[in-house]
Amino acid sequence: MSVWTEVGDRVFTRRYAFYDQNIGAILGDDGVLIVDTRISHRQADEILEDLKTLTALPVRAVVNTHGHNDHAFGNHRFRPAPIWGHARCRRMIRDTGKAQIAKVAEAIPALAEELAEVVLDPPDRTFDGPSTTVDFDAGGRRIELRHLGRAHTDNDVVVLVPDADVLFAGDLIENGAPPFFGDGYPMEWPATVERLVDLVTGAAVPGHGDVGGKAFVVKSMVEIRTIAELATLVHDGTISLDDAVLRTAYPADTARDPLERALAQLRGELD
Ligand SMILES: [Zn+2]
């Protein structure tokens, strides 16, 4: 059974078996900030139920680390709390939400019914620049949201809790499996994670998998950089795609999609 784990002062994560996903709960004096809302209303309700075992405080704010279904499609169940995210996260949910639901429902038919219940409810508190600050409780616990550049998506947001040395990285990094590159910008991703490395002072919570620290983030950066470097060699004609697939840090059966996405970016097809 999963439980809340305190990864820093009054900062908790809970790891859900579905997609091996980490959800964050940051406690203030008079409320809670939730990081990511899972894929459906039912899964969001599970967070709200589990939260009761942690605190009686209400949810005062929500952050979406990016606009993917498993991070934002439970949003509606947390209203009337304000939901924060990057301006392009709002756009991603608005423009691709229905297609995302259809794709997951096709891949996981058992989930189709609960996905059909989802009311898409994108962030209403958005920012466009490199950073913003959320004051979500009367005690003034400050949470920083940073957009470090394009990477896993064009709207990844990192959540910093400076007084607890905790950072929620969203899917900029994942532990135990390669991150999903399908909406990513692999040629920019390594530099974005390099900026992330500089921000890690304690726990780094990935969107999926074990919580780590700076060493884990550096390892992830090297793995993603390898994809960008190998794709450059393929693009130049120095090596074949089949050879590149065998040289990444990822299992060969998962390396082709990241490389092909990087090649698409090198060919200028992503903008
Ligand atoms: Zn994602």
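The legends below accompany an overall view and several close-up views of a predicted model.

**Figure 1. Overall view of the predicted protein, with its 8 helices and 12 strands.** The radius of gyration of the protein is 18 Å, close to the 18 Å that the globule rule gives for 271 residues, so the protein is as compact as a globular protein of that length. Measured out along its principal axes, the C-alpha trace spans about 60 × 40 × 35 Å. Of the 271 residues, 54% count as buried, and the accessible surface comes to about 11,500 Å², of which 50% belongs to carbon and sulfur atoms. Among contacts between residues at least 6 apart in sequence, 62% join residues at least 24 apart. The protein carries 28 positive and 43 negative charges, and the mean positions of these two sets are 3 Å apart.

**Figure 2. Close-up of Trp4 in strand β1, which covers residues 4–8.** With a relative accessible area of 12%, Trp4 falls under the 20% limit and is therefore buried. A polar atom of the Trp4 side chain lies 2.9 Å from the backbone oxygen of Asp50, and Asp50 is itself one of the buried residues of helix α1. Leaving aside neighbours within four places in sequence, Trp4 is in contact with Phe12, Thr13, Arg14, Ile23, Ala25, Ile47, Asp50, Leu51, Thr53 and Leu54. One of these partners, Thr53, is 49 residues from Trp4 in sequence, with a C-alpha to C-alpha separation of 8.7 Å in space.

**Figure 3. Close-up of helix α1, residues 41–51, and the elements against which its buried residues pack.** The buried residues in this helix are His41, Gln43, Ala44, Ile47, Asp50 and Leu51. Their packing partners include the strands β1, β2 (11–16), β3, β4 (32–35) and β5 (59–63), together with the helix α4 (112–116). At the start of α1, a side-chain oxygen of Ser40 reaches to within 3.4 Å of the backbone nitrogen of Arg42. Ile47, Asp50 and Leu51 of this buried set also appear among the contacts of Trp4.

**Figure 4. Close-up of Asn22 in strand β3, which covers residues 21–27.** Asn22 has a relative accessible area of 6%, and is therefore buried. The side chain of Asn22 has polar contacts with two backbone oxygens, that of Pro206 at 2.9 Å and that of Gly209 at 2.7 Å. Not counting residues up to four places away in sequence, Asn22 touches Arg14, Arg15, Val205, Pro206, Gly207, His208 and Gly209. Arg14 in this list is also a contact of Trp4, and the strand that holds Asn22, β3, is among the elements against which the buried residues of α1 pack.

**Figure 5. Close-up of Leu259 in helix α8, which covers residues 252–266.** The relative accessible area of Leu259 is 0%, and Leu259 is therefore buried. Leaving aside neighbours within four places in sequence, Leu259 is in contact with Ile227, Leu230, Ala231, Leu241, Ala244, Val245 and Thr248. The C-alpha atom of Leu259 is separated by 28 Å from that of Arg38, a residue 221 places away along the chain.

Note on methods:
Residues are numbered from 1 along each chain as its sequence is written. This is a predicted model: local features need pLDDT of at least 70, side-chain atom pairs count only at pLDDT 80 or more; totals for chains, interfaces and linings use all residues. Side-chain values use heavy atoms; hydrogens and water are left out. Helices (H or I, at least four residues) and strands (E, at least two) are DSSP runs, numbered from the N terminus. The radius of gyration is taken over C-alpha atoms; the globule rule is 2.2 Å times the number of residues to the power 0.38. Buried means under 20% relative accessible area, exposed over 50%, partly exposed in between (1.4 Å probe, protein chains only). Contact means heavy atoms within 4.5 Å. Accessible areas come from the Shrake-Rupley method with a 1.4 Å probe; for residues, only the protein chains shown count as cover. Lys and Arg count as positive and Asp and Glu as negative; His and the chain ends are not counted. The place of a charge is taken as NZ of Lys, CZ of Arg, CG of Asp or CD of Glu. A polar contact is a pair of N or O atoms within 3.5 Å; within protein, one must be able to donate a hydrogen and the other to accept it, and residues adjacent in sequence count only if both atoms are side-chain atoms.
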